Amino acid sequence: MILKIVKYPEPVLSQPGEPVTEFDAKLKKLVDDMFETMYASQGIGLAAPQVAVSKRVTIVDLSQGKDPAQKLVLVNPEVIFREGKQYEEEGCLSFPEIREKVQRASKVRVRAQDLKGKWFEMDGEELLSRAFQHEIDHLDGMLFIFRMSSLKRDLVLRKIRKMQREGTW
Ligand code: ZN
């Protein structure tokens, strides 16, 4: 089922997600629906708060559904190691049409649980590292506009207000 992706400034996007404690069929269904929703919007990552579910669940698939090996589910994830810097353009499904350069670590290691509750660790570099950091930020209620310089953030917020007035946001 395709879920509605909420846009900024929906309050759920700024709230830290609740840790997941039940690894049940309901969680599996949420994740399946999130993949369907993300693929329908051509995204490479989606966090549960973006579908108005305030839980620490996120998915990433850099292949956008083309390679099952790249389909990743991270439950209760944490960045446990970060290294280097990268400064590249980033987008967010909760900020349609907004793309700006954001500084991130070039390499991260994440620790997370899978759908059965089993803990695992995984390294990410470049785009995967960026996706991990962007999505885990969502679970802390942190949005990518707050990783931009205040100058860029002001420009983005002005653009959003303009679109809101025109009824296109
Ligand atoms: Zn996002």
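Let me begin with a definition: the helices and strands I shall name are DSSP runs, a helix having at least four residues and a strand at least two, numbered from the N terminus. Please keep in mind throughout that this is a predicted model.

With that definition in place, I turn to helix α1, which covers residues 25-40 and contains both Asp-32 and Lys-28. The two are four residues apart, about one turn of the helix. They form a salt bridge, with the closest N and O atoms 2.9 Å apart. Are these partners buried or exposed? Asp-32 is partly exposed, at 36% relative accessibility, and Lys-28 is also partly exposed, with a relative accessible area of 40%.

A further salt bridge joins Lys-29 to Asp-33, where the closest N and O atoms are 3.0 Å apart. Here again the residues are four apart in helix α1, a separation of about one helical turn. Their surroundings, however, are described by other values. Lys-29 is partly exposed at 41% relative accessibility, whereas Asp-33, at 6%, counts as buried. The cut-off for calling a residue buried is under 20% relative accessible area, so Asp-33 falls within that class.

How many salt bridges does the structure hold? The count is twelve. I should like to single out one that reaches between strands. Glu-90 and Arg-104 meet through their side chains at 2.6 Å, N to O. This pair links distant parts of the chain, since Glu-90 belongs to strand β4 and Arg-104 to strand β5, 14 residues apart. Glu-90 is buried, with a relative accessible area of 4%, and Arg-104 is likewise buried, at 5% relative accessibility. Nor does the pair stand alone: salt bridges with shared partners connect Glu-90, Arg-104, Arg-130, Asp-137 and Arg-147 in one network.

I come now to the metal site. Which protein atoms serve as donors to the zinc ion? They are SG of Cys-92, NE2 of His-134 and NE2 of His-138, at 2.0 to 2.2 Å from the ion. Along the chain, the donors follow the spacing C-x41-H-x3-H. Cys-92 sits in the loop between β4 and β5 (100-104), while His-138 sits in helix α2 (residues 126-139), so this pair ties together parts of the chain that are 46 residues apart in sequence. Cys-92 and His-138 are both buried.

Strand β4 also brings us to the surface. This strand spans residues 86-90 and includes Glu-88. Glu-88 is partly exposed, its relative accessible area being 44%. On the surface, Glu-88 gathers with Glu-83, Glu-125 and Glu-126 in a patch of negative charge. Membership of such a patch requires over 30% relative accessible area, so the 44% of Glu-88 meets that requirement.

My last residue is Phe-81, in strand β3, which runs over residues 72-83. Phe-81 is partly exposed, with a relative accessible area of 33%. How far apart are the C-alpha atoms of Phe-81 and Arg-109? They are separated by 5.0 Å, although the two residues are 28 apart along the chain.

To review the main points: helix α1 contains the Asp-32 and Lys-28 pair, about one turn apart; the buried Glu-90 takes part in a network of salt bridges; and the zinc ion has Cys-92, His-134 and His-138 as its protein donors. Thank you for your attention.

Note on methods: Residues numbered from 1 in each chain as written. Predicted model: local features only at pLDDT ≥ 70, side-chain atom pairs only at ≥ 80, totals over all residues. Heavy atoms only, no water. Patch = residues over 30% accessible without salt bridge, like charges linked within 9 Å, V, L, I, M, F, W, Y side chains within 5 Å. Areas by Shrake-Rupley, 256 points an atom, 1.4 Å probe, with all protein chains shown as cover. Salt bridge = Lys/Arg side-chain N within 4 Å of Asp/Glu carboxyl O. Lys, Arg positive; Asp, Glu negative; His and termini not counted. Charge placed at Lys NZ, Arg CZ, Asp CG, Glu CD. Buried < 20%, exposed > 50% of the residue type's maximum accessible area, 1.4 Å probe, protein only. Donors = N, O, S within 2.8 Å, 3.2 Å for Na, K, Ca; no water.
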